[in-house]
Amino acid sequence: MKPFAYTAATSLDQAQEILSEEWGSRLYAGGTDLLTLTKRGTVSPDHLVDIKGLADFRYLRHLTGGGLAIGALTTLAELEANRTVHRRFPALARSIAVTGTPQLRNRATVGGNLCQQPRCWYYRGDFPCLLHGDEVCGAAKGENAYHALFGYESADGNRCVAVHPSDPAVALSALEAEVVVAVPGEAPVNWEATPIDDLFQQPTKDFPGTTILNPGDVVVEIRVPEQPKGSRQVYLKAMDRAAWAFALVSVAAVATLDGNRLADLRLALGGVAYKPWRARHAEEIARGHVVSPELVDEIVELAAEGAMPLGANEYKVPLLKGLVRQALRAVTDESRGI
Ligand SMILES: Cc1cc2nc3c(=O)[nH]c(=O)nc-3n(C[C@H](O)[C@H](O)[C@H](O)COP(=O)(O)OP(=O)(O)OC[C@H]3O[C@@H](n4cnc5c(N)ncnc54)[C@H](O)[C@@H]3O)c2cc1C
């Protein structure tokens, strides 16, 4: 491994100054992703800036008007153990419970979880990859069993086809969470909240990054709004083994019922795109309609609308449909619980 400098930051300003001024410096939180990448040589930082000790960004707070603010350095284990998260945001609690292992969740931060790098073997190996600065995404026409169904225009290799690996991001998308990003030199009063889906970007040859963050930008808070009264939530994850695996496909659903009518439905899909993929057309069609087998069939079909399997990942389409059907059953059928 290449030698690197290490700074345990004592303030956010100090961390941001180094990160924005020193090319080759990298922000380090729990380190569960960054260290693995560094050891393999996938990334070779000159300077690691450790923000884990910044206790000001490790909290859970109730927001005025409901909702929850989560400091980005809160560990996944702390979120998992929190009663408010369990009671009011069960989809989020479940998405965390199926993330990695207890050891990992003890160390990993929620900010790091959102900003982790793709689990693509072209990226993590020594193969053609836009994130390495290569001309082409090797997975587009290669080994793509775990790759995207949505979000790229053609499999010509000009766009990255890796999927975002985070489970919590998918639940947070269905909960319509926002992320607050601290920009170097900006006072906290000017930090803006961005819808979580807009944090992510699809790497291309010209923009080889997975988030919209510039050097020195730090995710400092995640805001989860209060959900409609009586809404029901679920997070389902399909894996190729029973535990400790990334999602082949996952579904987060949040439904609000008015009698047997769906007043609102939010469906976020994981393991299928470079960001949590909202099934917007399905959500639109569902809104205001009485739950019926025909409506469920329609939502299931619409959730997979526009899917473009790459070759080795066709199995994800029926898997996605089956998971959406199961999620709809869980959020619309009182007797099944969540
Ligand atoms: C064996 C294993 C199994 C796993 N299984 C799952 C799984 O099932 N589901 C899942 O969702 N994840 C899984 N993961 C990924 C894991 O959740 C992430 O590694 C972890 O959440 C990253 O958090 P961290 O604090 O350790 O981040 P780090 O490793 O410190 O950082 C990760 C990246 O995010 C950047 N970063 C960190 N914090 C911030 C911030 N506040 N603002 C801006 N950028 C930031 C860093 O610069 C780095 O690029 C698994 C990981 C392992 C090793």
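## A buried asparagine and the ligand beside it

At 7% relative accessibility, asparagine 113 counts as buried, because the cut-off for that word is under 20%. Keep in mind that this is a predicted model. You'll find asparagine 113 in helix 7. Its side chain makes a polar contact of 2.5 Å with the side chain of serine 166. Leaving out residues up to four places away in sequence, asparagine 113 touches Leu76, Thr99, His164, Ser166 and Pro168.

Asparagine 113 also takes us to the ligand. Three residues with a polar atom close to a ligand oxygen are listed here, with the part of the residue involved.

| Residue | Part of the residue | Distance to a ligand oxygen |
|---|---|---|
| Leucine 27 | polar backbone atom | 2.6 Å |
| Asparagine 113 | polar side-chain atom | 3.0 Å |
| Proline 165 | backbone N or O atom | 3.4 Å |

How much of the ligand's accessible area does the protein cover? On its own the ligand has 980 Å² of accessible area, and the protein covers 92% of that. Strand 2 (25-28), helix 7 (110-115) and strand 8 (218-224) are the elements that each give two or more residues to the surrounding shell. Helix 7, the home of asparagine 113, supplies the largest share, with four residues.

There are 32 residues around the ligand, and the ones that come nearest are Leu27, Gly31, Thr32, Thr109 and Asp167. Sorted by character, the shell holds 16 nonpolar residues, 11 polar ones and five charged ones.

Now for the cysteines. How many disulfides are there? The count is zero. Take cysteine 120: its closest cysteine sulfur belongs to cysteine 129, and at 6.0 Å that is too far for a bond. A disulfide is a covalent bond between the sulfur atoms of two cysteines, and here the sulfurs would have to be within 2.5 Å to count. Looking from the other side, cysteine 129 is in no disulfide either, with the sulfur of cysteine 120 as its nearest at 6.0 Å. Cysteine 120 is buried, at a relative accessible area of 7%, and cysteine 129 is buried too, with 7% relative accessibility.

Helix 5 (residues 90-97) has its own set of buried residues: Ala91, Leu92, Ala93, Ser95 and Ile96. An α-helix has 3.6 residues a turn, so residues three or four places apart point the same way. The buried residues of helix 5 pack against several elements, among them helix 3 (76-80), helix 4 (83-88), helix 6 (102-107) and strand 9 (232-238).

Next, a look at some backbone angles. Most residues other than glycine have a negative phi. Glutamate 176 has a positive phi, near 60 degrees. Glutamate 176 sits in the loop between helix 9 and strand 6 (178-182) and is partly exposed, with a relative accessible area of 38%. Tryptophan 244 has a positive phi as well, near 55 degrees. Where is tryptophan 244 found? It lies in the loop between strand 9 and strand 10 (249-258). Tryptophan 244 counts as exposed because its relative accessibility is 59%, and the cut-off is over 50%.

Glutamate 176 turns up again in the story of arginine 280. Neighbours within four places in sequence aside, arginine 280 is in contact with Glu176 and Asp197. Arginine 280 belongs to helix 10 (residues 280-286) and is partly exposed, at 45% relative accessibility. Along the chain, leucine 302 is 22 residues from arginine 280, and their C-alpha atoms are separated by 8.8 Å.

Notes. Residues are numbered from 1 along each chain as its sequence is written. This is a predicted model: local features need pLDDT of at least 70, side-chain atom pairs count only at pLDDT 80 or more; totals for chains, interfaces and linings use all residues. Side-chain values use heavy atoms; hydrogens and water are left out. A residue is near a molecule or strand if one of its heavy atoms lies within 4 Å of it. A polar contact is a pair of N or O atoms within 3.5 Å; within protein, one must be able to donate a hydrogen and the other to accept it, and residues adjacent in sequence count only if both atoms are side-chain atoms. Accessible areas come from the Shrake-Rupley method with a 1.4 Å probe; for residues, only the protein chains shown count as cover. Ala, Val, Leu, Ile, Met, Phe, Trp, Tyr, Cys and Pro count as nonpolar, Asp, Glu, Lys and Arg as charged, and the others, Gly among them, as polar. Buried means under 20% relative accessible area, exposed over 50%, partly exposed in between (1.4 Å probe, protein chains only). Contact means heavy atoms within 4.5 Å.
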